[in-house]
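Colleague: I am new to reading models of this kind, and I would like to go through the reasoning behind the words that are used. Could we look at the structure together and take the terms one at a time?

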Amino acid sequence: MNTWLLSILILSPLLGVLVLLFTPSQDEKSIKWIGVLGTLFPLGTALVTLSAFNKSGEGLQLAEKFQWVSYEVFQSNGDVSYPIFYEVGVNGLSMVLILLTTVVSVLAAIASFSIKKDWRSYFILFFLLEMGMIGVFAAQNLFLFFIFFEITLIPMFFLIGRWGYLEKEKAAYSFLIYNGVGSAILLIAFVAMFMKTGTMNFDQLAYTFSLPQSELNEMNITKNFKMGMLIALLIAFAVKLPVAPLHSWMVRVHVQAPPPIVMLHSGILLKIGAYGLIVFGAGLFPDQFESLAFIIGLFGVINLLYGAFLALTQRDLKRVLAYSSVSHMGIVLIGLAALNEAGMTGAVFQVVSHGLISALLFFLVGVLYERGGSSQLKDFGGVAKRMPIFAGVMLAGGLASLGLPGMSGFISEFMAFLGLFEKMPVLAAVGALGLILTAVYVLRAVLAITFGTEKELSNAHDLSSTERIPAFILLAAILFIGIYPAWLSDMLRPTLDSILLGLGG
Amino acid sequence: MDLDTLLSFRWSVMTPEFIILGVATLLSVIDLFMKKESSRKPLAWLAGAGILAALITIFMQLDIEVTSILYDTYRLDSFSKAFKILLLLGTLLVIVLSSNYKKEDLEENRGEFYYLLLAALLGAMMMASSADLITLFVGLELLSLSSYVMAGLERRNKRSNESAFKYIVSGGIATAITLFGMSYIFGLTGETNLFKIAENMGNLELLEHSFLIFFAFIITFAGLTFKIAAAPLHMWAPDVYEGAPVPVTAFLSVVSKTAGFVILLRVIIICFIAAPGIDKEPILLQVQPYVMALAAATMIIGNVTALRQRNIKRMFAYSSIAQAGYILVPFVSNSSLLFELIWFYLLAYLFMNIGAFTVIQLLTSQEGSNDIGVFRGLFRRSPWLAVPMTFFVLSLAGIPITAGFIGKFGIFMGALGLEQAQYWLAAVMMATTLVSYVYYFNIIAIMFFRDSEGPKVSIPGGMAAVLAFCTASVLILGVMPDLALDFFYGNFDVNEFFMQIETEVHTHDH
């Protein structure tokens, strides 16, 4: 059973697709319930995987591998083959992210009850997206990673373009083109590495690139080649993360896409960029990464401040949150740039924590939009009176976002800055200003909605029972990580250690 | 040559060609005696059966060793077998596609269409098997002349007339250029046999004439790129594709293009592999920048111009130009993966393009318009057309889990690997692929994001079969490309391509 567990997990969302294909397309209620049940199955499989996962074990677990495609190269001195394998496996980091994916997917599926049309196609695409996301984190070679990476792209294009708000098509195109640029650069880098080393496996690549330069020269791998590859990867994942100035598509998507999809996008998809930076950037080219650390840190600080400033001036809650995501991704960069244990831990914690927090906040935006038909700050006020539970959850989410101690956001910000202060104190001091701005814009937005003069809402009732499930689960997870971070850090420790080992301490 | 000599050739290796020739002749005779108003549909089935039979005989020939007959002008090697499979498969799908063509004009001329198609196919097959400039040229002309007529088959349609006229004029010029180049090759080496040319090209005496060799290469290459619609000889494609009946367009964009690559590989690789360029460097390395620029220009022109097309057939014409640019990339990079990359990409291209043309035909013939608007809201109206079309378009754009992605991935491997990495060519390919996203995804957006009250599109049985087959192939080759690659490696030996063998002639003692 264990040998196929991961593949079953990756393919598990397809069960929902299969069932949906035999469901009449007008049967709204059944489709929506199948949509939710269809995400529970991957969650269950993920939990089984978690129980099979040895938390303190090092390296890759539950690995599967078989040959998939083989290219044979005719050469005068015998044929050389370039095999491509299907290889999946999990380490602590990817296990956590897979778990996050399956959890957020269930909650996004519940939030999808608000979807108004074409439910069947919607959920089919939703499941494909989930499959892609799980696959990205489970993939153990570049080829597979790229395939799943692209699989997330196509359903997103449809989901934004068909079910989004007014300017949905523009947002879908801008998503497609920006991410297309990213994956184009990624593909060239991947193929170049494959042709130089003859392997696509992460561990083998890391091993090859860590060989002494004299041996690498025999393979025609120069320092410049490594640097070139790293820069290509940084650009590709900077689009995904997104790093300013490559962020405009992301704001558009956050504003135009339907709320459940934004939950997935901001909760999971943005994390692929961070995951890529950690696994491919720092993991494969530690030396080169170190020499670029200052620039990465600088971009981190720019992201943090730029996002926060813009979030401060927005009038639309969705845009506030979108820029807040830009800002929070800066913290991931800051943590990575520190290149020490505290910084790395902070970066990874931020990945998970922001996944939960932004999923929660965008879920609430969806609720708000349903009540008031708008997400403009000026249209809301005094919501706390009519919808006390909603207001409470929103305030809690906001506090988590600004990094209140006892919540997940605090741990990640604290660790990331702790790491950076050790290495680049000036940069860290400048960046710390961003934390103050964060407090200002979060409180401004949340308080404007929940308190103040009461505005008329067309449909003001508090969170319904189906809406409470995602809200409470997310909030509980945020608090759990905030109060008991050791659970998460134990899972991540072996992975972080191995990356730090590559970084030389 | 007496009768004995003639009979001593192993004619059996030409069985597939004979089948096609026989069926074509049979069709023309039957057509002649058929009543004018009776349906020509049975002819389609007969032609299809003939092609299927020829396809089967190719598979039966797979274990035959390299055989060469007619004084080494016709050879059966793994190269010809591998590419003939593509040619036959493509034409077979085109036949099914055409059997449901509804235009009255074509109805009138139907019979002609089928045997012209077979004649064109025969020409293409001859090209795949020829080992001599003369047979190559004859094959090329047979294919071209039949194509010219087919393009103008809708006699009462002005656009179709224009298309045929443009095609024949520009095709004639290309033929002249090709022939001019070939005359230099002959003049330099005194041979028409490809392998003897290759032998003589390595001759030291020729070093003095390296400039002429260079010239011969450029001219021949330029002439031959006409068939694959590479820049700058691509101008005919949009007009011809737009004016010709859809099945003919599909044939031109798939089968004729495949044949173009076949002849390019045969002539250029074999003739010039040992030839010296200026300053004694191998010419194939020396001309690389030129061919590279050509490939890049083809990708850029094709993709960028496609952006502005509202006419779906013209858009696919430019898309087809762009795809030719991609396939030129392994050609440029002199990769050792050359044959499998081109073969696989052409195989993938066959399924995705014929699939797409099937949908285009159904829609344009129902709506009577070639505007891209015919796709409006297709997903609501006919999901069974919209979903396959989505897969074809995704495959053309090179998105994973489709055959097109594997094809492009392979081309990247060829460009970035082994001897010398062609980073900038790969970058051009990637950048233009991104450009292509815009117009390919535009089709998807129109099908899925716009609503329309248009009528449902009915799909005749034959077309449904083509669609199902092409969709399945695009996806299966995308997920399990080894099915095709293993077949290729198992039956293809690159050495055979370069192997010269003596003609088996058993002359009697007198």
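Colleague: What makes R450(B) buried, partly exposed or exposed?

Modeller: This is a predicted model, and in it R450(B) has a relative accessible area of 24%. Because buried means under 20% and exposed means over 50%, a value of 24% places R450(B) in between, and R450(B) is therefore called partly exposed.

Colleague: How do you know that E169(A) forms a salt bridge with R450(B)?

Modeller: The closest N and O atoms of E169(A) and R450(B) are 2.7 Å apart, and because the limit for a salt bridge is 4 Å, the pair qualifies. This salt bridge crosses between chains, since E169(A) lies in helix α7 of chain A, while R450(B) lies in the loop between α19 and α20 of chain B.

Colleague: Why is the contact of K65(A) with E87(A) called a salt bridge, and how far apart are the two residues along the chain?

Modeller: Their closest N and O atoms are 3.8 Å apart, which is within the 4 Å limit, so the name applies. The pair links distant parts of the chain, with K65(A) in strand β1 and E87(A) in strand β2 of chain A, 22 residues apart. E87(A) has 4% relative accessibility, and because the cut-off is under 20%, E87(A) counts as buried.

Colleague: What makes the pair of R310(B) and D371(B) a tie between separate parts of the chain?

Modeller: The side chains of R310(B) and D371(B) meet in a salt bridge, at 3.5 Å from N to O. R310(B) lies in the loop between α13 and α14 of chain B and D371(B) in the loop between α15 and α16, so the pair ties together parts that are 61 residues apart in sequence. R310(B) is partly exposed at 48%, and D371(B) is partly exposed at 30%. The structure holds 22 salt bridges over all chains.

Colleague: Why is S121(A) called buried or exposed?

Modeller: S121(A), which is found in helix α5 of chain A, has 19% relative accessibility, and because buried means under 20%, S121(A) counts as buried. Leaving out residues up to four places away in sequence, S121(A) touches W163(A) and F379(B).

Colleague: How do you know whether G325(B) is buried or exposed?

Modeller: The relative accessible area of G325(B) is 0%, which is under 20%, so G325(B) is buried. G325(B) lies in helix α14 of chain B and, residues up to four places away in sequence aside, touches A295(B), T298(B) and M299(B).

Colleague: Which residues touch the most other members of the largest nonpolar core?

Modeller: Of its 399 residues, Y71(A), F145(A), F272(B) and F375(B) touch the most other members. Helix α15 of chain B gives the largest share of this core, with 21 residues. A second, separate core has seven residues, including F9(B) and M126(B).

Colleague: What makes chain A as compact as a globular protein of its length?

Modeller: Chain A has 22 helices and two strands. Its radius of gyration is 22 Å, close to the 23 Å that the globule rule gives for 505 residues, so chain A is as compact as a globular protein of that length. Buried residues make up 65% of the 505 residues in chain A.

Conventions: Residues numbered from 1 in each chain as written. Chains lettered and ligands numbered in written order. Predicted model: local features only at pLDDT ≥ 70, side-chain atom pairs only at ≥ 80, totals over all residues. Heavy atoms only, no water. Helix = DSSP H or I, 4+ residues; strand = E, 2+ residues; numbered from the N terminus. Rg over C-alpha atoms; globule rule 2.2 N^0.38 Å. Buried < 20%, exposed > 50% of the residue type's maximum accessible area, 1.4 Å probe, protein only. Contact = heavy atoms within 4.5 Å. Core = buried A, V, L, I, M, F, W, Y, C linked by side-chain atoms within 4.5 Å.
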